[in-house]
Amino acid sequence: MQYPGNLFVVAAPSGAGKSSLVKALMELDQRVSPSISHTTRAPRGQEVHGREYYFVSRETFDQMVAQDAFLEWAHVHGNRYGTSKHAIEQRMAQGADVVLEIDFQGAIQVKRIFPNAVLIFILPPSWEELRSRLERRAEDSADVIEVRLKNAAQEMAHAKEFDFVIINELFERALFDLKAIVHAQRLRFTAQRIARSDTFQALNIS
Ligand SMILES: Nc1nc2c(ncn2[C@@H]2O[C@H](COP(=O)(O)OP(=O)(O)O)[C@@H](O)[C@H]2O)c(=O)[nH]1
Ligand SMILES: Nc1ncnc2c1ncn2[C@@H]1O[C@H](COP(=O)(O)OP(=O)(O)O)[C@@H](O)[C@H]1O
């Protein structure tokens, strides 16, 4: 499937820093817009329905699955998460760059539908640091943190299926890497458009 904007998919084990990095990217770059997923997980302290996620019941989620409303969806850490077609289609049709913050299963589904999607995996610098970030974030119970750490190894085994891997040790350095990937993709996209169209004419370049 072709689309006029760029699609970036960011995945990482819980606590590696993907939400912080994506948020910082969007503050610096107004051309990137987020996709708001649906989830059956309960909201955390500061989360707002329609901002971080659409928090829905399992029944509503299953109904949406039955209606084919999701581009992709997956079971993650005991809950369901999905990208609704509605969340991204309009912005993509307008040519916006959209960033999906989803798990590796979703990322692989998206790449099948949109082969030009850029898959970016964020790794923590160490296991100790991953655990201490989850603990310092102080949003999840000890049980939930253990489930997330247990799932992290399996998630990280899929990093090799991604186009880019960023190690989020120093935050500013990782943000620089993420900006560089977005920038490089835009340049590649321009080259692809020129290769398949009369872009020289459209730009008035003779
Ligand atoms: N497949 C899929 N995964 C999602 C979606 N939205 C969020 N996720 C992933 O679900 C996992 C859990 O997300 P969340 O509960 O917000 O916890 P966090 O990873 O600690 O921020 C993360 O790997 C998210 O990237 C989605 O729409 N589809
Ligand atoms: N490079 C970093 N160094 C130290 N702490 C970080 C770094 N990146 C993110 N964090 C912190 O780690 C915690 C987890 O980050 P978050 O973005 O919520 O991760 P994720 O979305 O991958 O679960 C947050 O408290 C965040 O402020």
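The legends below describe close-up views of a predicted model.

Residues are numbered from 1 along each chain as its sequence is written, and chains are lettered from A and ligands numbered from 1 in the order in which they are written. In this predicted model, local features need pLDDT of at least 70 and side-chain atom pairs count only at pLDDT 80 or more, whereas totals for chains, interfaces and linings use all residues; side-chain values use heavy atoms, with hydrogens and water left out.

**View 1. The annotated domain, residues 5-183.** An unreviewed UniProt entry places the feature "domain: Guanylate kinase-like" at residues 5-183; such positions are given in the numbering used here, feature names are shortened, and annotations may be inferred rather than shown by experiment. Helix makes up 44% of the span and strand 23%, and the C-alpha atoms at its two ends lie 13 Å apart. Helices (H or I, at least four residues) and strands (E, at least two) are DSSP runs, numbered from the N terminus.

**View 2. The packing of helix H5 against helix H6.** The axes of H5 (residues 127-137) and H6 (residues 142-156) come within 11 Å and cross at roughly 140°, where axes are lines fitted to C-alpha atoms, for helices over the stretch in contact, and angles run from 0 to 180 degrees between N-to-C directions. H5 is therefore oblique to H6, since angles under 35 degrees count as roughly parallel, over 145 as roughly antiparallel, 65 to 115 as roughly perpendicular and the rest as oblique. Trp127, Leu130, Arg131, Leu134, Glu135 and Arg137 of H5 meet residues of H6 that include Ile145, Leu149, Ala152 and Met156, contact being defined as heavy atoms within 4.5 Å. The residues of this contact divide into eight nonpolar, no polar and five charged; Ala, Val, Leu, Ile, Met, Phe, Trp, Tyr, Cys and Pro count as nonpolar, Asp, Glu, Lys and Arg as charged, and the others, Gly among them, as polar.

**View 3. Leu149 and Trp127 in the contact of H5 with H6.** Leu149, in helix H6, is buried, with a relative accessible area of 11%, whereas Trp127, in helix H5, is partly exposed at 44% (buried means under 20% relative accessible area, exposed over 50%, partly exposed in between, with a 1.4 Å probe and protein chains only). When residues up to four places away in sequence are not counted, Leu149 touches Trp127, Leu130, Arg131 and Leu134, and Trp127 is in contact with Leu149, Ala152, Ala153 and Met156. Trp127 and Ala152 are 25 residues apart in sequence, with their C-alpha atoms 9.3 Å apart in space.

**View 4. The packing of helix H1 against helix H7.** With their axes 10 Å apart, H1 (residues 18-28) and H7 (residues 171-196) pack at an angle of about 60°, and the two helices are therefore oblique to each other. Ser20, Leu21, Val22, Ala24, Leu25 and Leu28 of H1 make the contact with Phe171, Ala174, Leu175, Leu178, Lys179 and Val182 of H7. These residues divide into 10 nonpolar, one polar and one charged.

**View 5. Positive phi values at Asp68 and His77.** Most residues other than glycine have a negative phi. Asp68, however, has a positive phi near 60° and is found in the loop between helix H2 (58-66) and strand E5 (70-76). His77, which is not a glycine either, has a positive phi of about 50°; His77 is placed in the loop between E5 and strand E6 (79-84) and counts as buried at 18% relative accessibility.
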